[in-house]
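Work through the following exercises with the sequence and the structure at hand, and try each task before you read its solution.

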Amino acid sequence: MTTIEARSAWRDYLASLHGEPDGVPRIAIAASMTAEPLEPYLGAALLNRQGPSAITFGPFNQLHQICLQPREVLGDDRFDVIALLWRLEDLFPDLLSRSLVSPEAAADLQRQVIRFADAVASLRERFEGTLIVSTPPFPLWPGFGLLDAVQPSAGMAVFQQVLQAWGARLAQVGRVRQLDLHGLMLTTGVRAAHDVRKWQLYRQPYAEGFWLEIGQLLARIITAEKGGAKKCVVLDLDNTLWGGIIGEDGLEGIQLGQDFPGLAYQLFQRYLLCLKNRGVMLAVASRNNADDALEVFDRHDAMVLTRRDIAAFEIHWESKVESIQRVARRLNIGIDSMVFVDDNPKEIAEVAERLPDVTCVLVPEEVAFLPGVLAETGLFDIAEVTDEDRRRTEMITADSMRQQAEESMTEDDFRRSLDLKIRVFAAQRQHLARVTQLINKTNQFNLTTIRRTADQVAQLAADPDAIVLGMDIADRFGEYGLVGVAILRRHGPACVIDTLLMSCRVLGRGAEATFMAMIAEAARALDCVELRGRYVPTPKNGMVAQLYPRFGFALDARTGEWQMDLSRSLLVPDGVDASLDISHSALGVSSPARGA
Amino acid sequence: MAEDSDALIALFAEVLQVQAAELTDDSSPESVRRWDSLGAMALVTAIEERFNVQLSTKQIMKMNTIGRARKALQAMNVRV
């Protein structure tokens, strides 16, 4: 999209409106500079990605005030998103100049930047919605030029310290999305990003093309917040992962390595590995002899991807449509979360026609563009990468090894052979992203299906009358990671199970029984004498309708709750190594210092 | 107003969100509501993109009527 196309798309949209649009995301932009040119580019990018939005601008250069009194300054607290854009040269112009010659001024600049991050932290507490804050871009400011004839560049040193101080303070705040304005400026170039005339005339520093880029990046961040990122890339092999045809050219003949065109394929593989490492699963769908194709993975020196990086192989002579469907079943994901990459337009056309929900990407005619073909699509944007995301492929591979073992043994033998290690613990800050993810996506093994934002979960974790439990499972095949969540609340002598959920991948191996036993244990540590829980039926959670009676809970007809006396113990199944650690909860119950 | 001047009037009308018929070469920030500093900035962007020119800050500062914008463009051999 060009700047002209974007502005015209946004103008057409605004012209089509009759009055204020209803039910669209409301976005407030506040900036240390004139930022109004951003509106059409952000608006048009969001139209493309998710639909209409209402965009308003806060008053010029009042970021501190907005952080401290958002309602008073923005005049409205019903925003879904607040985005703050700021530059050092707007907030601290004199200090910036003095920092080039005075170490004291440089230190003072850092302190001021941290104080601004403190203000952002207080906005985070006051504002419920998505908060996006830019990094400060490299300043276009006298003396900061990289080409000033001073070596080493004092400006670069000052800037890097500031950038680091800012990032470190913001990381402590948590749940602030970063718009990497500095990174974007690196990509575009400091000179190309600016329009010095408009900066001096209107306090509007950027060239139109750079506003377009900011708008597109901001739209990606806002859209990623809603989820919906693709989960799997299904890859063709010949002329996609390497150049040439393995069946004809052989191991020595295919193009892959450090020289063009092999370099293009190798760089593409490096990008795919990055995707895999943040939770996107890679699969192969190729019409080939499996032995020929797998030999490349096993024996070619220049391969970046190994067999272990691929969650599912479909190498045979059947159709790609069939292969993609099988991969979806095997990995237990929706067809609409898959991206298919192939160099053959006919294959792409067939998949696009028969599986319209799959996103198809054709290998570009210019192979030098292949490494970047997925990078700027935004298809894989996620708001936060959890540990589970990073280890997903390993977990999936462990799953299929488990399946094979399971088929060769009786159920009890299999369970004992697993060496299950189940750790139940009070969730701490580093667990909250994953806990929130599970709370909001688990449908089947979920007793109450209460959804919560990360903020609400954090509040519960800090509540002395509640405890947020996480369950982490590993066995001899590998780790499942954090796969279960329970929230317990103390009501006098009763401990109420507010939330109880588990990923379906771990069921039937003693995880439910162990989790129940640990929950009872935790409730006892809360000095409670009874455990109470509720089953709230939904169209999807029928599988847990009988969970409480199965563990000996009795129905209290008066309240509709299931009840169990804590004088009774629940048993951890045979062969499971279970532990409970709630020393880090807000209760501090098992801390020896308590009550001393 | 010359016939081929419509392009410039049309551009001002589009950016300032008024009917072209409401604008003349004498139109200025005083007579058009949206021709404030944000409007002026948007006009510079639109003119530069539409006619593939780069205006100097001197030209921008003097461009306080449509007629003056026309003169500035004509001086750069743009037929408006």
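A salt bridge here is a side-chain nitrogen of Lys or Arg within 4 Å of a carboxyl oxygen of Asp or Glu. Keep in mind throughout that this is a predicted model.

**Exercise 1. The interface**

Task: Describe the interface of chain B and chain A, and state how many salt bridges the rule finds across it.

Solution. Start with the residues that meet: 15 residues of chain B are in contact with 13 residues of chain A. Next, turn to the area, for the size of an interface is often given as the accessible area lost when the parts come together. Between chain B and chain A about 1,200 Å² is buried, and carbon and sulfur atoms give 63% of this area. On the side of chain B, the trio B:Met41, B:Thr45 and B:Glu49 supplies 42% of what that chain buries against chain A, more than any other three residues.

Then apply the salt-bridge rule, which finds three such pairs across the interface. One to locate is the bridge between the side chains of B:Glu14 and A:Arg11, where N and O are 2.7 Å apart. The search for polar contacts across the interface of chain B and chain A finds seven residue pairs, with both residues at pLDDT 80 or more.

Finally, ask which helices of chain B take part: helix H2 (37-51) and helix H3 (57-62) each supply at least two residues of the side that touches chain A. The largest share of that side, nine residues, comes from H2(B). Sorted by kind, the residues of the side of chain B that touches chain A are eight nonpolar, four polar and three charged.

**Exercise 2. Salt bridges between separate elements**

Task: For the salt bridge of A:Arg326 and A:Glu314, work out which elements the pair ties together.

Solution. First check the distance, which is 3.1 Å from N to O, and compare it with the limit, since a salt bridge must have its two atoms within 4 Å. Then place the residues: A:Arg326 belongs to helix H16 (residues 320-331) of chain A and A:Glu314 to strand S8 (residues 310-316) of chain A, so the pair ties together parts that are twelve residues apart in sequence. The two partners can also be classed by accessibility, where A:Arg326 is partly exposed at 25%, whereas A:Glu314 is buried at 4%.

Task: Do likewise for A:Arg434 and A:Glu388, and say whether A:Glu388 is buried or exposed.

Solution. The side chains of A:Arg434 and A:Glu388 meet in a salt bridge of 3.8 Å, N to O. Because A:Arg434 lies in helix H21 (residues 432-441) of chain A and A:Glu388 in helix H18 (residues 387-390) of chain A, the pair ties together parts that are 46 residues apart in sequence. As for accessibility, A:Glu388 is buried, and A:Arg434 is buried as well.

**Exercise 3. A residue in a loop**

Task: Decide whether A:Asn541 is buried or exposed, and give the reason.

Solution. Begin with the position of A:Asn541, which is in the loop between S15 and helix H24 (547-550) of chain A. Its relative accessible area is 0%, and buried means under 20%, so A:Asn541 counts as buried. To see what surrounds the residue, leave out residues up to four places away in sequence; A:Asn541 then touches several others, among them A:Asn443, A:Leu447 and A:Tyr535. One further step concerns its side chain, of which a polar atom lies 2.9 Å from the backbone oxygen of A:Val536.

**Exercise 4. Backbone angles**

Task: Find what sets the backbone apart at A:Asn239, at B:Gln17 and at the bond from A:Phe260 to A:Pro261.

Solution. The background is that most residues other than glycine have a negative phi, and most peptide bonds are trans. A:Asn239 is not a glycine, yet its phi is positive, about 60°. This residue, A:Asn239, sits in the loop between strand S6 (232-235) and H13 of chain A, and with a relative accessible area of 24% A:Asn239 is partly exposed.

B:Gln17 also has a positive phi, near 55°; B:Gln17 lies in the loop between H1 and H2 of chain B and is exposed at 52% relative accessibility.

The last step is the peptide bond from A:Phe260 to A:Pro261, which is cis, with omega near 0°. For its place, look at the loop between helix H13 (246-253) and helix H14 (262-277) of chain A, where A:Pro261 is found.

Notes. Residues numbered from 1 in each chain as written. Chains lettered and ligands numbered in written order. Predicted model: local features only at pLDDT ≥ 70, side-chain atom pairs only at ≥ 80, totals over all residues. Heavy atoms only, no water. Contact = heavy atoms within 4.5 Å. Buried area = accessible area lost by both parts, 1.4 Å probe. Polar contact = N/O pair within 3.5 Å; in protein donor to acceptor, adjacent residues only side chain to side chain. Helix = DSSP H or I, 4+ residues; strand = E, 2+ residues; numbered from the N terminus. Nonpolar A, V, L, I, M, F, W, Y, C, P; charged D, E, K, R; others polar. Buried < 20%, exposed > 50% of the residue type's maximum accessible area, 1.4 Å probe, protein only.
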